[in-house]
Amino acid sequence: KELAGSMLARSSSLPDTDRRAHIPVLLSETVTLLDPKPNEHCIDATVGGGGHAVALLERTAPDGRLLAIDLDQRALDIAALTLKAFSSRVTFVNDAFDHLSSILQKTQFPQPSCIIADLGLSSIELADESRGFSFQYHDSPLDMRFDASHGGLTAADLLNTAREGELTQIISTYGEERQARTIARSIVETRSRTKFITTDDLVQAVLRVYRGRHTKINPATKTFQALRIAVNDEFGRLERFLPRALDTLAPGGRLAVISFHSLEDRTVKRFFRERAAQGVVTILTKHPVTPSFAEVTNNPRSRSAKLRVAVRK
């Protein structure tokens with residue numbers, strides 16, 4: 001509670017659109033399980049607004065260093081403001097976390113004792129109308145890339161070119177959407193008349209499928225999630241990151257992953273179990289740690305979060 005209160009106080013000086021990004025999910029639970037000690041070095045592989053990073057830097061004072069990685073340059077800019085008081089101990093890197101090995105080689109960062117990866121989409125991305133992550137901004141371009149500077153397909157590219165079967169697979173697997181096949185068909189029918197350009201174009205294609213049906217969440221939610229995951233190869237990056245993170249840790253070091261998607265959680269669970277069977281790690285979370293009712297009330301986006309932690313032997 002003290003950690004959460006501290007973060008809320010710091011976030012009060014930030015613009016309104018960025019404040020919610022500074023309510024880190026499962027903060028107390030994560031720091032307790034990572035158990036960073038004074039002068040130890042840590043990596044925040046998805047630093048976002050810097051919420052977890054602040055707590056790690058406070059616990060590793062006076063000389064512990066932090067490697068802050070994020071694929072989103074704007075997120076790094078926000079994190080730099082949040083971590084200004086600790087700037088002499090922080091190294092910022094704009095890159096994908098699955099490039100961890102090359103990042104460590106370039107930065108010559110010391111062997112870490114703790115690594116955290118929070119896989120959630122932050123309010124920084126959601127609030128940026130130019131990115132197309134949220135259907136709340138109707139005329140936003142359908143981009144959805146975390147890092148547009150390195151090229152790659154946009155969500156619009158995918159919607160306008162992918163085969164119906166591929167779209168069905170993406171929406172079904174990554175969005176866990178029961179109407180995936182029908183939505184994919186609606187997308188293909190729509191693009192035969194006009195190209196997908198804005199977020200509203202996609203919303204309308206989904207609403208045609210859900211017209212007259214009652215849903216607890218916006219009908220487009222799962223389709224937007226699925227396309228974002230596909231555009232950024234999020235599951236592929238996670239599968240590449242986990243072994244590299246574990247190999248990076250010092251003996252006795254701890255790896256924490258906060259996931260928000262059932263497939264992400266299953267990937268982490270399977271990886272930890274495989275490495276435990278090999279005698280490489282000890283799993284500290286027999287079952288995933290989930291947010292309390294109070295946290296979900298304060299930050300509804302935390303509701304699907306699951307934390308798993310393992311320690312390297």
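This report describes the burial and packing of several helices in a predicted model.

Residues are numbered from 1 along each chain as its sequence is written, and side-chain values use heavy atoms, with hydrogens and water left out. Because the model is predicted, local features need pLDDT of at least 70 and side-chain atom pairs count only at pLDDT 80 or more, while totals for chains, interfaces and linings use all residues. Helices are DSSP runs (H or I, at least four residues), numbered from the N terminus.

Helix 9 (residues 164-175) has 12 residues and spans 16 Å from its first C-alpha to its last, close to the 16 Å expected at 1.5 Å a residue, where the expected span is 1.5 Å times one less than the number of residues. Within helix 9, Leu167, Thr168, Ile170, Ile171 and Gly175 are buried (under 20% relative accessible area, against over 50% for exposed and in between for partly exposed, with a 1.4 Å probe and protein chains only). These residues cover an arc of only 165 degrees around the axis, which puts them on the same side of helix 9; the arc is that of the directions from the helix axis to the C-beta atoms. Gly165 and Gln169, on the other side of helix 9, are exposed. The buried residues of helix 9 pack against helix 8 (155-161), helix 10 (180-191) and helix 12 (221-231), contact meaning heavy atoms within 4.5 Å. Just after helix 9, Glu176 takes a positive phi of about 50 degrees.

Helix 11 (residues 199-210) takes part in two packings, set out below.

| Helix pair | Angle between axes | Axis separation |
|---|---|---|
| Helix 11 and helix 12 | about 125 degrees | 10 Å apart |
| Helix 10 and helix 11 | roughly 130 degrees | within 9 Å |

Axes are lines fitted to C-alpha atoms, for helices over the stretch in contact, and angles run from 0 to 180 degrees between N-to-C directions. Helix 11 and helix 12 are therefore oblique to each other, as are helix 10 and helix 11, since angles under 35 degrees count as roughly parallel, over 145 as roughly antiparallel, 65 to 115 as roughly perpendicular and the rest as oblique.

In the helix 10 and helix 11 packing, Thr182, Ile183, Ser186, Ile187 and Thr190 of helix 10 meet Leu202, Ala205, Val206, Arg208, Val209 and Tyr210 of helix 11. Thr182 is partly exposed, with a relative accessible area of 33%; Thr182 and Arg208 are 26 residues apart in sequence and 9.7 Å apart in space, C-alpha to C-alpha.
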